[in-house]
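Subject: Handing over the structure

Dear colleague,

I am passing on the structure below, and after it you will find some notes on what turned up in it. Please keep the structure open while you read.

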Amino acid sequence: MFVRIPALAARHGAINLAQGVFDHGPPAELLAALAAVSADPGVHQYMPSAGVLALREAVASGYSAETEVTVTAGATEALHCTMAALLSPGDEALVVEPAYEQYAPAVVAAGGVPVPVRLTSLDGSFASLLAGAVTPRTRVVVVNSPWNPLGRVLTDDEWDALAELASSRGIVVVSDETYEQLLTSRPRGVLDVVADPELRVKISSVSKSLAATGWRVGWAIAGPGLTRRIRAVHQYVTFCPAVPLQVAAASVLGASTVDSVTGAVAAGLHERAGWFADALTGIGIATKPAASPFYLLADVGEPASEWCDRVVVDGGVAALPLSVFYSAPVPEVDRWVRFAVCKRQETLEEAATRLATRH
């Protein structure tokens, strides 16, 4: 579905709200930083495998030391390197669902076994489900906050349950926090919650906060011992992500103006997501408010898989059924779809117009 629906969108000229890809460029500050560094011959050569020092320092600021940051080719590589560093064949990793599609394959690629912890109520909490899923083979739990596709941050009781798994059972909490800069205030994260730095990994990137999904600049933050293991894997995967992009990202992330730059990206997303939610409500498609403005959930009033297949062809708009983020059918989410609303205003207006006449 993740491949088929976008392919159908391209074939039928549909507006692609299925994929979390911007249809506009990064902030001017990031483009200016790239132009400024491109003339420096030094940035076109290998840099240390762990990442450009200035970027590691910018990422670590307020959290940890730069020695605990590993720069990777996007958050996806950070995830894969982390799983390879943590899992041996047969080890289990709890994957909280609905889940981003890369989590389970990263576990399997490392020889591990993904064990779903399945949230069936969109308003519920997975806190009470975690302990019952743990076995003697459990080594890792993977979560996402803010949460794709639900758009919410993890609740205090969910974080507390994760912290308990780490402290009492030695399970490593791997938290994908790629969307954190898109919120109106800083949320709790794994670095705040899990006390032992060897039992936590924070994964993030510039993809969403700087509207640069194609730059593939991400990172993992972990304790010294765990960082050594992640770096040992990373050295033999990409060795060194694109250096000019690292240097340009460091220039923006390390500047005193970074909050205004990422804040402007976030503010634009919030405004357009709010507009689109109102537009959908106006044409009879119920929506669910989200703290993170990148995605929007909507109840289409019929089986979502059938609706998405029909609307991408006949309605000219592509979306994903929420069911694809689960490893098994969940009747409670059958009517819900996810729209990626990280688009220009005119794109969303055209999508709303098409849905009003054809959904």
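In which loop does P98 lie? P98 is found in the loop between strand 3 (92–97) and helix 5 (103–109), where helices (H or I, at least four residues) and strands (E, at least two) are DSSP runs numbered from the N terminus.

Before going further, please note that this is a predicted model, in which local features need pLDDT of at least 70 and side-chain atom pairs count only at pLDDT 80 or more, while totals for chains, interfaces and linings use all residues. Residues are numbered from 1 along each chain as its sequence is written, and side-chain values use heavy atoms, with hydrogens and water left out.

The peptide bond that leads from E97 into P98 is cis, with omega near 10 degrees. Another cis peptide bond joins S145 and P146, with omega about -10 degrees, and P146 sits in the loop between strand 5 (138–144) and helix 7 (156–169). For background, most peptide bonds are trans, and most residues other than glycine have a negative phi. A211, however, has a positive phi near 50 degrees; it lies in the loop between strand 7 (200–205) and strand 8 (218–222), and at 6% relative accessibility A211 counts as buried (buried means under 20% relative accessible area, exposed over 50%, partly exposed in between, with a 1.4 Å probe and protein chains only).

F239 also has a positive phi, near 60 degrees, and at 29% relative accessibility F239 counts as partly exposed. By the rule that rings of Phe, Tyr and Trp (its six-membered ring) pair if their centres lie within 6.5 Å, with planes under 30 degrees apart stacked, over 60 edge-to-face and the rest tilted, the count comes to nine aromatic pairs. One of them joins Y46 and F239 edge-to-face, at 5.5 Å centre to centre and with 85 degrees between the planes. Y46 lies in the loop between helix 2 (28–38) and helix 3 (53–60), and F239 in the loop between helix 9 and helix 10 (243–253), so this pair ties together parts that are 193 residues apart in sequence. At 70% relative accessibility, Y46 counts as exposed.

Ring pairs also link F22, Y179, F294 and Y295 into a cluster, in which F294 and Y295 are both buried.

With best wishes
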